[in-house]
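User: I would like to go through this model with you step by step, beginning with how its chains meet and then turning to the fold of one of them.

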Amino acid sequence: MSCPGRFGGPFAFRVLFAGPGRFRETCRMSVASEVVTVQVLLFARFAELLGTERLEFELPRPASVQSVLDRLLSLPGGAGLPRRPLVALNQVQASPDTLLQDGDEVAVLPPLAGG
Amino acid sequence: MAFLRESPLDLAGLIAAVTTSERGGVASFLGLVRNHHAGREVLRLEYSAYAPMAERECAAVLAEAHARWPMAQVALEHRIGTLKIGDAAVAVAAAAPHRDEAFAACRYVIEEVKRRVPIWKREHYADGTVGWVDPTAPGGSVPARPEAGQAS
């Protein structure tokens, strides 16, 4: 995992002098304070619209499901998405205001058509 | 158990899996690929899924059915991939001591599968166009376009 800003933040001193175990922890804390990295999955017609089935977004914290939708709408093809699609967060349906954590999987689901 | 299958569904196998000597009522449902949709001739269908969530939702639906009808046992399979006209897309078998619970549990499972399991289908029409089935759209699908223009 990348660690932007690891030498520029308030934990830089501990990074340099606390050994490798401490380094990993400090790195995580520094990233957690700035951005959330999430996997975005697209299916069926939505994957066609955006031209891909998988994206990785780094979003400023705090980030919500709505942050992902806003970013998608700004991408080429994204204007064809509905304003409030079904969304699953880590395989469970979630509302737009649900907050995201690092490593979350956000799936944007076209109208279901099973059966 | 895997509920999504890429090979033909086996309703007889599902019935055998839920039937015991205490369960005298068996109800089943088979959903087949139709040759028409919204007035257009359909040649074949492609089913795709968000597989991990679909498996999870199918398991949840069966657990709910079991909670509502504790004496019933229900089995379920849904096909994904390319299906031709007449192929079974979904199969449900419910067995219970009596028919009321068997019918009710079978109906519950198919309705919940259609309502919440993340599966999609793309229709290929006789006129060479394709369209995504959208049960929430007025015509039942998004406007079709030439098949040559589709993403793979």
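User: How many residues does the contact take from chain A and from chain B?
Analyst: This is a predicted model, in which local features need pLDDT (the predictor's confidence in each residue, from 0 to 100) of at least 70 and side-chain atom pairs count only at pLDDT 80 or more, while totals for chains, interfaces and linings use all residues. Residues are numbered from 1 along each chain as its sequence is written, and chains are lettered from A and ligands numbered from 1 in the order in which they are written. With two residues in contact if their C-beta atoms, placed from the backbone, lie within 7 Å, the contact takes 16 residues from chain A and 25 residues from chain B.

User: Which element gives the most to the side of chain A that touches chain B?
Analyst: Helices (H or I, at least four residues) and strands (E, at least two) are DSSP runs, numbered from the N terminus. On the side of chain A that touches chain B, α3 (44-50) and β5 (105-109) of chain A each supply at least two residues. The element that gives the most, with 3 residues, is α3(A).

User: In what order do the strands of the sheet in chain A lie?
Analyst: Chain A has 4 helices and 5 strands, and from the N terminus on its elements run α-α-β-α-β-α-β-β-β. Two strands pair if DSSP finds at least two bridges between them, and β1(A) and β2(A) do so in the antiparallel sense over 7 bridges. The 5 strands form an open sheet with mixed pairing, in the order β2-β1-β5-β3-β4.

User: Which strands stand at the edges of that sheet?
Analyst: An edge strand here has a single partner strand, so one side of it is left without a neighbour in the sheet. The strands of chain A placed in this way are β2 and β4 (92-93).

User: At about what angle does α4(A) run to β2(A)?
Analyst: Helix α4 (residues 65-74) of chain A has the buried residues A:Val65, A:Ser67, A:Val68, A:Leu69 and A:Leu72, where buried means that 20 or more other C-beta atoms lie within 10 Å of a residue's own, as against 12 or fewer for exposed and in between for partly exposed, with C-beta atoms placed from the backbone. What covers these residues includes β1 (35-42), α3, β2 (54-60), β3 (86-89) and β5 of chain A. The helix α4(A) lies across β1, β2, β3 and β5 of chain A. Taking axes as lines fitted to C-alpha atoms, for helices over the stretch in contact, and angles from 0 to 180 degrees between N-to-C directions, α4(A) runs to β2(A) at about 115 degrees.

User: Is A:Leu100 buried or exposed?
Analyst: A:Leu100 is found in the loop between β4 and β5 of chain A. Leaving aside neighbours within four places in sequence, A:Leu100 is in contact with A:Val36, A:Val38, A:Ala63, A:Ser64, A:Val65 and A:Val106. Because 24 other C-beta atoms lie within 10 Å, A:Leu100 is buried.

User: Over which residues of chain A is the pLDDT below 50?
Analyst: The mean pLDDT of chain A is 81, and 71% of its residues reach 70 or more. One stretch with pLDDT below 50 has 19 contacts in the model beyond near neighbours in sequence. That stretch of chain A covers residues 1-27.
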